[in-house]
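Open the model in your viewer and keep the sequence panel beside it. The stops below go in order, each with something to select and something to look for.

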Amino acid sequence: MTVEGGDEVWTASDAQRHVRLLGLSGSTRQASTNTALLRALQAVAPDRICLDVYDRIGSLPVFSPDLEGAATPPAVQEFVRSVHGCDGLIVSSPEYIRSIPGGLKNAIDWLVSTHHVIDKPIALVHASHRGDEMLQVLRTVLATMSTNFKPEIFFRLSLLDQTPDGIAQIVGAPPNRLAAETFLETFATFCRERAPCKPA
Ligand SMILES: Cc1cc2nc3c(=O)[nH]c(=O)nc-3n(C[C@H](O)[C@H](O)[C@H](O)COP(=O)(O)O)c2cc1C
């Protein structure tokens, strides 16, 4: 690692460098199990892994090509900045009518329109033993959206009907905690490998 202009400049040899992840929840529900799973992962994130959670897809207006460019609404600009600034995206979503919830698809439409996610590392987590049809559709969408979607890096727990506090306890207790940490470490390593290699 070298330091340049006050900013750290990382090289490919920095296998342990900090990784900044963003969790994107596909649920707008206050007590969402998917949002709670992302927050529980945030709480157990190992050293050198920072996980922020974006749970505001409900604030994004419906995508329209007429609103691209200079007309992009502020809420969308903030969302796109968050995604652009992270090293990797972790998506967690419920299944609605055997598919992706409209709000999440809308958020993804905005991201794709800005071209910031073409190479973004992406992994999936899921808070239910159900929802496999949605997961299949979401995998197709994410693989279309990014060349670095990694379906094999996947973490799933059966948390249907659990409260956010209960989910924090379930994820924080062994052996789930070890599995959660392993998932985050595996994805962080993938993100480090995929990060643009800056000159030292
Ligand atoms: C409008 C709607 C449609 C749903 N459709 C399905 C479905 O097709 N299959 C299924 O297994 N669950 C379905 N569910 C249940 C949700 O997927 C389930 O409650 C999920 O855990 C909610 O996630 P959340 O806690 O993050 O909000 C549906 C729920 C809603 C509100």
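**Helix α5 and its neighbours**

Begin with helix α5: its buried residues pack against α1 (33–44) and α6 (176–194). This is a predicted model, and the tour should be read with that in mind. Select residues 164–172 to isolate α5, then pick out Gly166, Ile167 and Val171, which are buried. Turn the view until you look down the helix axis: the buried residues of α5 fall within an arc of 125 degrees, so they line one face of the helix. Now colour Asp165 and Gln169, which are exposed on the other side of α5.

**The whole chain**

Zoom out and show the cartoon. The chain has 6 helices and 7 strands. Followed along the sequence, these elements come in the pattern β-β-β-α-β-α-β-α-β-α-β-α-α. The C-alpha trace spans about 50 × 50 × 25 Å along its principal axes. The radius of gyration of the chain is 17 Å, which agrees with the value near 16 Å for a compact globule of 200 residues.

Switch to a surface representation. The accessible surface of the chain comes to about 10100 Å², and 53% of that belongs to carbon and sulfur atoms. Of the 200 residues, 44% are buried. If you draw contacts between residues with a separation of 6 or more, 81% of them join residues 24 or more positions apart.

**The ligand site**

Select the ligand and show its surroundings. Which residues surround the ligand? They are Ser27, Arg29, Ser32, Thr33, Asn34, Pro94, Glu95, Tyr96, Ile97, Arg98, Arg130 and Leu160.

Show side chains for three of these and check the distances:

- Arg29: an N or O atom in its side chain is 2.7 Å from an oxygen atom of the ligand.
- Asn34: a polar side-chain atom lies 2.7 Å from an oxygen atom of the ligand.
- Glu95: an N or O atom in its side chain is 2.6 Å from a nitrogen atom of the ligand.

The ligand on its own has 640 Å² of accessible area, and the protein covers 67% of it.

**Ser25 in strand β3**

Stay with Asn34 and select Ser25, which is in contact with it. Ser25 is found in strand β3, residues 19–25. Is Ser25 buried or exposed? Its relative accessibility is 0%, so Ser25 counts as buried. Show its side chain together with that of Thr35: a polar contact of 2.7 Å joins the two. Leaving aside neighbours within four places in sequence, the residues in contact with Ser25 also include Ser32, Leu38, Tyr54, Asp55, Ile57 and Ser92. For a longer view, draw a C-alpha to C-alpha line from Ser25 to Gln77; these residues are 52 apart in sequence and 18 Å apart in space.

**Thr72 in a loop**

Gln77 leads to the next stop, Thr72, which touches it. Thr72 sits in the loop between β4 (49–54) and α2 (74–85). Although in a loop, Thr72 is buried, with a relative accessible area of 14%. Not counting residues up to four places away in sequence, Thr72 touches Leu67 and Trp110 as well as Gln77.

**Ser113 in helix α3**

From Trp110, move along to Ser113, which is found in helix α3 (residues 102–114). The side chain of Ser113 reaches the backbone oxygen of Trp110 at 2.9 Å. Which side chain makes a polar contact with the side chain of Ser113? Select Glu68: the two side chains are joined by a polar contact of 3.3 Å. Beyond its neighbours within four places in sequence, Ser113 is in contact with Phe63 and Glu68. At a relative accessible area of 16%, under the 20% cut-off, Ser113 is buried.

**Phe190 in helix α6**

Finish at α6, one of the two helices that the buried residues of α5 pack against. Select Phe190, which is found in α6. Phe190 is buried, with a relative accessible area of 6%. Where does Phe190 make its contacts, once residues up to four places away in sequence are set aside? Phe190 touches Pro121, Asn148, Lys150 and Ile153. Last, draw the C-alpha to C-alpha line from Phe190 to Asp87: the pair is 103 residues apart in sequence and 9.8 Å apart in space.

Notes
Residues numbered from 1 in each chain as written. Predicted model: local features only at pLDDT ≥ 70, side-chain atom pairs only at ≥ 80, totals over all residues. Heavy atoms only, no water. Buried < 20%, exposed > 50% of the residue type's maximum accessible area, 1.4 Å probe, protein only. Helix = DSSP H or I, 4+ residues; strand = E, 2+ residues; numbered from the N terminus. Arc of directions from axis to C-beta. Contact = heavy atoms within 4.5 Å. Near = heavy atom within 4 Å. Polar contact = N/O pair within 3.5 Å; in protein donor to acceptor, adjacent residues only side chain to side chain. Areas by Shrake-Rupley, 256 points an atom, 1.4 Å probe, with all protein chains shown as cover. Rg over C-alpha atoms; globule rule 2.2 N^0.38 Å.
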